[in-house]
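Thanks for coming. I will go through one structure today, starting with charged pairs and then moving inward.

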Amino acid sequence: MPIKINYLKKKINKSRSQNIVLFSKEKFKINDLKSHISKSEFAYIEDIIKSIDLKKNIFIFELSSKRKIVLISVKNKLKTSEIENLGAEFYVRINKEKNNEYFLISDSLNNNQNNFLGHFLHGLKLKSYGFKKYKTKKDDKIFLINIVGNKNKPSVHNQLKFKALEQGTFYARDLVSEPGNVLHPDEYAKRIISLKKEGLKINIYDEKKLKKLGMHALLGVGQGSIRGSYLITMEWNGAK
């Protein structure tokens with residue numbers, strides 16, 4: 001399911017019917033979260049935590065038909081990959097829910113690891129990928145993740161960096177997922193040429209050029225196909 005992330009400047013009202021996402025310390029220690037939820041909600045969650053499996057990472061507390069609180073336990077000294085896996089796990093959990101809008105309170109994060117939220121959201125976005133190009137029934141549902149708070153937000157630079165990584169990853173996944181009768185060598189060469197606009201230097205060696213280079217073994221593999229044989233090189237010399 002596609003994810004859209006919004007960065008909001010305004011604070012949310014604790015009493016409103018919204019689905020919120022909070023980060024707690026390891027093993028769901030929630031004392032620092034009193035300022036983000038009402039007293040009754042805090043007391044309810046505190047009581048439920050006494051009977052849950054503290055080894056888990058995420059719990060969803062359904063307070064009403066219009067309000068859920070997603071509590072994410074953040075362990076100390078997580079690796080970058082583990083933070084991204086936590087974001088992916090969060091996506092799996094909300095993907096099972098009927099609600100499609102959540103308010104993530106960045107100020108609830110007390111982890112001092114560099115760019116924690118950026119990596120968390122990156123893992124979330126990567127997990128949301130799906131190849132639905134040839135599906136007859138289209139699902140237009142989009143999850144809205146509204147980031148609210150003054151602290152811990154990824155910088156604009158890091159937002160752009162993660163976006164570029166996600167676009168590149170999704171493009172590669174699209175190529176892998178295409179059936180062979182669609183993404184044959186001729187079509188593949190055409191698609192790779194389109195990457196020139198991103199600043200890549202693309203060299204395509206067709207059969208004529210391959211013969212000049214003496215690459216007869218490669219040409220021999222493609223002799224039985226009606227499609228052409230190609231060798232493509234891509235060079236990246238850094239952003240200008």
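**Salt bridges, cores and one helix**

Lys 68 and Glu 62 make a salt bridge, with their closest N and O atoms 4.0 Å apart. Before I go on, please keep in mind that this is a predicted model. Lys 68 has a relative accessible area of 5%, so it counts as buried.

How many salt bridges are there by this rule? The count is eight. As background, side chains of opposite charge can pair when their charged atoms come close.

Next is Lys 133, which forms a salt bridge with Glu 178; here the closest N and O atoms are 2.7 Å apart. Lys 133 sits in the loop between α3 and β6, and Glu 178 in the loop between α4 and α5, so this pair ties together parts that are 45 residues apart in sequence. Buried or partly exposed, for Lys 133? Lys 133 is partly exposed, at 45% relative accessible area. Its partner Glu 178 is buried, at 8%. Salt bridges with shared partners join Lys 133, Glu 178, Glu 187 and Arg 191 into one network.

The last bridge I will show is Asp 32 with Lys 25, where the closest N and O atoms are 3.2 Å apart. Asp 32 is partly exposed, with a relative accessible area of 39%. Lys 25 is also partly exposed, with 42%.

Now the backbone in the loop between β2 and α1. Lys 27 is found in that loop, and so is Phe 28. Lys 27 has a positive phi of about 60° without being a glycine. Phe 28 has a positive phi too, about 55°, and is not a glycine either. With a relative accessibility of 2%, Phe 28 counts as buried.

On to the aromatic side chains. The structure holds nine aromatic pairs. In one of them, Phe 23 and Phe 120, the ring centres are 5.2 Å apart and the planes stand at 80°, so the pair is edge-to-face. Phe 23 belongs to strand β2, residues 20–25, and Phe 120 to helix α3, so the pair ties together parts that are 97 residues apart in sequence. Both Phe 23 and Phe 120 are buried.

Another pair is Phe 90 with Tyr 102. Their ring centres lie 6.5 Å apart with the planes at 75°, so this pair is edge-to-face. Which elements do Phe 90 and Tyr 102 lie in? Phe 90 is in helix α2, residues 80–95, and Tyr 102 is in strand β5, residues 101–105, so the parts tied together are twelve residues apart in sequence. Phe 90 is buried, at 1% relative accessible area. Tyr 102 counts as buried at 1% relative accessibility. Ring pairs link Phe 23, Phe 90, Tyr 102, Phe 116 and Phe 120 into a cluster.

Several of those rings come back in the nonpolar core. In soluble globular proteins, nonpolar side chains tend to be buried together. The largest core here has 26 residues, and the members that touch the most others are Phe 23, Ile 72, Phe 90, Phe 116, Phe 120 and Ile 145. Where do the residues of this core come from? At least two are supplied by each of β2, β3, β4, α2, β5, α3 and β6. Leaving out residues up to four places away in sequence, Phe 90 touches Val 21, Ile 58, Val 70, Ile 72, Phe 120, Leu 124 and Ile 145.

There is also a second, separate core, made of 17 residues; Ile 37, Phe 42, Leu 71 and Phe 103 are among them.

I will finish with helix α4, residues 156–177. The helix has 22 residues and spans 31 Å from its first C-alpha to its last, close to the 32 Å expected at 1.5 Å a residue. Which residues of α4 are buried? They include Asn 158, Phe 162, Glu 166 and Leu 175. An α-helix has 3.6 residues a turn, so residues three or four places apart point the same way. The cover over the buried residues of α4 includes α3, residues 116–127, and α5, residues 185–193. Finally, the charged end of Lys 161 sits over the ring of Phe 162, 4.9 Å from the ring centre.

Notes
Residues are numbered from 1 along each chain as its sequence is written. This is a predicted model: local features need pLDDT of at least 70, side-chain atom pairs count only at pLDDT 80 or more; totals for chains, interfaces and linings use all residues. Side-chain values use heavy atoms; hydrogens and water are left out. Helices (H or I, at least four residues) and strands (E, at least two) are DSSP runs, numbered from the N terminus. The expected span of a helix is 1.5 Å times one less than its number of residues. Buried means under 20% relative accessible area, exposed over 50%, partly exposed in between (1.4 Å probe, protein chains only). Contact means heavy atoms within 4.5 Å. Rings of Phe, Tyr and Trp (its six-membered ring) pair if their centres lie within 6.5 Å; planes under 30 degrees apart count as stacked, over 60 as edge-to-face and the rest as tilted. A charge sits over a ring if NZ of Lys or CZ of Arg is within 6 Å of the ring centre and within 35 degrees of the ring normal. A nonpolar core is a set of buried Ala, Val, Leu, Ile, Met, Phe, Trp, Tyr and Cys residues joined through side-chain atoms within 4.5 Å. A salt bridge is a side-chain nitrogen of Lys or Arg within 4 Å of a carboxyl oxygen of Asp or Glu.
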